[in-house]
Amino acid sequence: MRFWASAVATACITVGFAAATSAQTVKLGVIDTYSGPFAAVGEQMDRGIRLYVKQHEKDLPPGVKLEIIRRDDTGPNPEIAKRMAQELITRDHVQLLAGAVYTPNALAIAPLATEAKVPFIIMNAGTAMITTKSPYIARVSFTMWQSSYPLGAWAAKSGVKKVYTAVSDYGPGIDAEAAFTKGFTDAGGQIVGSVHMPLVNPDYVPFMQRAKDAGPDAVFAFVPAGKDATALMKTFGDLGLKQAGIKLIGPGDITTDEELQNMGDVALGVVTAFHYSAASTRPANQAFVKAYQAEFNTKDDPAFEAVGGYDGMAAIFHVIIAQNGKIDPDKTMELLKGWKDDASPRGPIMIDPETRDIVQNEYMRKTEKVDGKLANVEFETMPMVKDPWKEINHQK
Ligand code: PHB
């Protein structure tokens, strides 16, 4: 699976047309997680990037080449991410930066993007305030508030009265907790307990036991997608919360598509809010899933991180094509503001011109069995949701 050899991946790929006299090479630095326990999540994002390039390199203007320089941040490690970004900027002279699965890494890179005036396209990290940390950031992924805030209102409306919240103790977890709590309590719900769980090497048993002992109607949980989501789900099952009649709800990270088949039947009935499900029947999504499975010779479904990489490349191709390969940082940011794509696998998307953050549909989903496979089945659409944290706090 891991075709990249070293902890510091130095692989470069060059796409585009053979050098002409007026050849213009755009250098894009990608900071992603290519090794360590979180590598499978990083691989999703990288696959999204590669699939988009493969499908669209023909769309680059004649003489324009794209060189992608990949760097491995090894997981949520801000010092490494910062060093990688520094090297990409000062040594490799990249004109664009992209990637960042994890919030701490995105935050470590933000001041460098500002100082060097290098546009930074965030393909995953989901803490709401990230985009306020640099005018050179645009986000194509999601914010935790986009999913967890409307989920709170939905839960209260659906007869859930008492909730226990359990989240990973870092940016997106804190956001998920705050967003859900506001949506839920504003609509009349009651939080009966909350806990922050460690991000690294967590053991979910004591936390799920405490949640069970509090006797809520539901546990609202966030852990980052990947193996942690499966570990949390299994612990929820093993400790008998489901049998005790306690529901599990959360942002779609907890039933992430790349892990869903590993979670087992305990995942059945879990309700999540999210911007992407591989099971969606939108034609653009079905084409994406098919192309992903063919390209990577797998029956596995792509997950939201792959879509983040894919749509991030769509945004990057847009700015490269519009500038004919001559990247001006301020012009690039102007081009990103208001950029729209109606063909994303997740439905229509737009970069909010005011906040540089993603605007997208959020879907209520329930985990069900479809053709013998677990699937996040969408049952309600909230159209074109802006980041509620920025709306509520008047943040730009
Ligand atoms: C983040 O660090 O911002 C992050 C990582 C994984 C997720 C969601 C958010 O599933």
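The following dialogue works through a predicted model of a protein, from its overall form to two of its aspartates.

Student: What makes this protein as compact as a globular protein of its length?

Tutor: The secondary structure comes to 12 helices and 15 strands. The radius of gyration is 20 Å, and the globule rule gives 21 Å for 396 residues, so the two values are close and the protein is as compact as a globular protein of that length. Along the principal axes, the C-alpha atoms fill a box of roughly 70 × 45 × 35 Å.

Student: How do you know what share of the contacts joins residues 24 or more positions apart?

Tutor: Taking the contacts with a separation of 6 or more, residues 24 or more positions apart account for 70% of them. As for burial, 59% of the 396 residues count as buried, while the protein exposes about 14,900 Å², of which carbon and sulfur atoms supply 52%.

Student: Why is Asp 72 called buried?

Tutor: Buried means under 20% relative accessible area, and Asp 72 has a relative accessible area of 1%, so Asp 72 is buried. This residue lies in strand S3, which covers residues 64-72.

Student: What makes the pairing of the side chains of Asp 72 and Ser 35 a polar contact?

Tutor: A polar contact needs a pair of N or O atoms within 3.5 Å, one able to donate a hydrogen and the other to accept it. The side chains of Asp 72 and Ser 35 make such a contact at 2.6 Å, and 2.6 Å falls within that cut-off, so the term applies. The side chain of Asp 72 also reaches the backbone nitrogen of Thr 74, at 2.8 Å.

Student: Why is Asp 330 called partly exposed, and not buried or exposed?

Tutor: The relative accessibility of Asp 330 is 39%, and since buried means under 20% and exposed over 50%, Asp 330 falls in between and counts as partly exposed. Its place in the secondary structure is helix H11, residues 329-336.

Student: Which residues is Asp 330 in contact with, once its neighbours within four places in sequence are left aside?

Tutor: Asp 330 is then in contact with Lys 117 and Tyr 136, and with the side chain of Tyr 136 the Asp 330 side chain makes a polar contact at 2.7 Å. Asp 330 and Val 118, although 212 residues apart in sequence, have C-alpha atoms 9.1 Å apart in space.

Student: How far apart are the mean positions of the positive and negative charges?

Tutor: For the 41 positive and 46 negative charges of the protein, the mean positions are 1 Å apart.

Conventions:
Residues numbered from 1 in each chain as written. Predicted model: local features only at pLDDT ≥ 70, side-chain atom pairs only at ≥ 80, totals over all residues. Heavy atoms only, no water. Helix = DSSP H or I, 4+ residues; strand = E, 2+ residues; numbered from the N terminus. Rg over C-alpha atoms; globule rule 2.2 N^0.38 Å. Buried < 20%, exposed > 50% of the residue type's maximum accessible area, 1.4 Å probe, protein only. Contact = heavy atoms within 4.5 Å. Areas by Shrake-Rupley, 256 points an atom, 1.4 Å probe, with all protein chains shown as cover. Lys, Arg positive; Asp, Glu negative; His and termini not counted. Charge placed at Lys NZ, Arg CZ, Asp CG, Glu CD.
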